[in-house]
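Reader: I'd love a close look at the salt bridges in this model. Could you take me through how the charged side chains pair up, and where the partners sit?

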Amino acid sequence: MAEIEILLPAIEAADSVLETDAGRFRIAGQHIPEKRVMADPAVLRDLVKSARAAARNAHVPYSHFHVGAAVIMADDPSGAVITGANIENASYGATICGERNALHAAAAKGFRRIKFLALSTADSLDGPLPDRSPCGICRQVMREFIDREEAQDAALILVDTGDAEFTADILDIDRLLPYGFRL
């Protein structure tokens, strides 16, 4: 199948000001520019399937919430799919999410830039996007592997829908983490 252009529309909301007896407060608006990404839809579909398969490998004896992730890194010339699943531990701080597991595996191979990342929350596929989207820590780790200085700023993040009608919800890091921390 040939590549298609995926358009993520601009989002604009102006700042507003709240006047109170205690002072003025600015309510932050939002400015996310339009982004265009070329992608082969078959590659995206297969990446979502890989994330769903990875979720079956999750070790989740406490939460019973299976998460799988699959990533293709922009700086990997082979375009290999690297997967990860969430691995829980009785010491909760030692637990790692599926998204971070996949990204850490990619980083251990020397790759630093996400091209496409898919995730599947196998136990909440029929739920709304907030029930299927990455946690805050994973969003911040994703941001670390998206190069804002290049066109790679438009890395795609696909969230499995589990729906026969839709393969995935497509986002980018600015839609997932609009005010993410950067050094």
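Author: Let's begin with D174 and R143, whose side chains meet in a salt bridge with an N to O distance of 3.5 Å. This pair links distant parts of the chain: D174 belongs to helix α4 (residues 173-176) and R143 to helix α3, 31 residues apart. Both D174 and R143 are buried. They also have company, since K35, R143, D172, D174 and R175 are linked in a network of salt bridges. Please keep in mind that this is a predicted model.

A search of the whole structure finds 10 salt bridges, and two more are worth a visit. One of them is formed by the side chains of R132 and D169, at 2.7 Å from N to O. Here, too, distant parts of the chain are linked: R132 lies in the loop between β9 (114-121) and α3 (136-144), while D169 is in strand β11 (residues 168-171), 37 residues away. R132 has 6% relative accessibility and therefore counts as buried, whereas D169, at 25%, counts as partly exposed.

The other is the salt bridge between D160 and R52, with their closest N and O atoms 2.7 Å apart. D160 sits in strand β10 (residues 156-160) and R52 in helix α1, so that this pair links distant parts of the chain, 108 residues apart. Because its relative accessibility is 0%, D160 counts as buried; R52, at 34%, counts as partly exposed.

R52 brings us to helix α1 itself. With 15 residues (41-55) at 1.5 Å a residue, α1 should span 21 Å, and its end C-alpha atoms are indeed 21 Å apart, so the two values agree. At the N-terminal end, D40 acts as a cap: one of its side-chain oxygens lies 2.8 Å from the backbone nitrogen of A42. A42 is also one of the buried residues of α1, along with L44, L47, V48, A51, A54 and A55.

For contrast, have a look at R100 in helix α2 (residues 98-108). R100 is buried yet has no salt bridge. The nearest side chain of opposite charge belongs to E99, 6.8 Å away, and a salt bridge needs the nitrogen and the carboxyl oxygen within 4 Å, which means that this pair does not qualify. Leaving aside residues up to four places away in sequence, R100 touches T95, I137, C138 and V141.

Terms used: Residues numbered from 1 in each chain as written. Predicted model: local features only at pLDDT ≥ 70, side-chain atom pairs only at ≥ 80, totals over all residues. Heavy atoms only, no water. Helix = DSSP H or I, 4+ residues; strand = E, 2+ residues; numbered from the N terminus. Expected span 1.5 Å × (residues − 1). Buried < 20%, exposed > 50% of the residue type's maximum accessible area, 1.4 Å probe, protein only. Polar contact = N/O pair within 3.5 Å; in protein donor to acceptor, adjacent residues only side chain to side chain. Lys, Arg positive; Asp, Glu negative; His and termini not counted. Contact = heavy atoms within 4.5 Å.
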